[in-house]
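Here are my notes for a first reading of this model. Please keep the sequence and the structure side by side while you go through the points.

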Amino acid sequence: MWAWLLQRISAVVLLVGLMVHLIATHIFNIGQLSYTNIAERLQSAFFIIVDVLLLAAAIYHALNGVRMVLLDYWFSQRSTRRVLDTVLVVFGVAAFGYGLWALWPWITS
Amino acid sequence: MWAWILFRISGLILVAYLFVHIVIISQGELSGADTLDRLFEMFDSPLLVFLDFMLVAAVLYHGLNGVRVVLMDLGIGIRQHKAVFWSVMVVAAGLLAWFAVVAAPFVF
């Protein structure tokens, strides 16, 4: 129930956030994508918030999606399902932490 | 049925892309600005622009079919689900065509 609801909420965050992300990256900066112009965009608190929200929503949505697919075919036992859940949570938290680390200079500036 | 299978396949492609994307973009912080800029230049190659086209197709399909799924969960368009599906696919095709027009000079 909670996984289902969060999958819908993250879906809406992704729809709106991806639109902002793609328009900012490829329409305002078309033909000149570089470290410098991404760094410039990340000076703004708005784009940092969008990027961090996207990072969290995308990782959750992706890994919960993988979980839904896997549970349809494997991991029917409660004990193996718990192992899968643990692996997915650890991987997701690690990926989110790594993404935050890569954005850190702009988050703190 | 086919809408659902394609939803899953596109979803799994996007999961793989997401983690590749995180690894690539974080190279700016991990390996420096020059490495990231060199990667961006590489992405202008015809093969990678073509893969980008496939990626955009997967994003549009998954995102717009997802809109239909969320609407149906809210009780909207359940009886007209086929019409809603084809309506969002027209939007997806239009946006994909726009991408193709912009991307074509990189491939041809």
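1. The largest nonpolar core, meaning a set of buried Ala, Val, Leu, Ile, Met, Phe, Trp, Tyr and Cys residues joined through C-beta atoms within 7 Å, has 16 residues, and those touching the most other members are A57(A), A58(A), I59(A), A62(A) and L60(B). A residue counts as buried if 20 or more other C-beta atoms, placed from the backbone, lie within 10 Å of its own.

2. Two or more residues of this core come from each of helix 1 (2-27) and helix 3 (45-73) of chain A, and from helix 4 (46-73) of chain B. Helix 3 of chain A gives the largest share, eight residues. Helices here are DSSP runs of H or I with at least four residues, strands are runs of E with at least two, and both are numbered from the N terminus.

3. This is a predicted model, in which local features need pLDDT of at least 70 and side-chain atom pairs count only at pLDDT 80 or more, while totals for chains, interfaces and linings use all residues. Residues are numbered from 1 along each chain as its sequence is written, and chains are lettered from A and ligands numbered from 1 in the order in which they are written.

4. Leaving aside residues up to four places away in sequence, A58(A) touches L14(A) and L18(B), where contact means that the C-beta atoms, placed from the backbone, lie within 7 Å.

5. Chain B has five helices and zero strands, and 15% of its 108 residues count as buried.

Notes: Buried ≥ 20, exposed ≤ 12 C-beta atoms within 10 Å, placed from the backbone. Contact = placed C-beta atoms within 7 Å.
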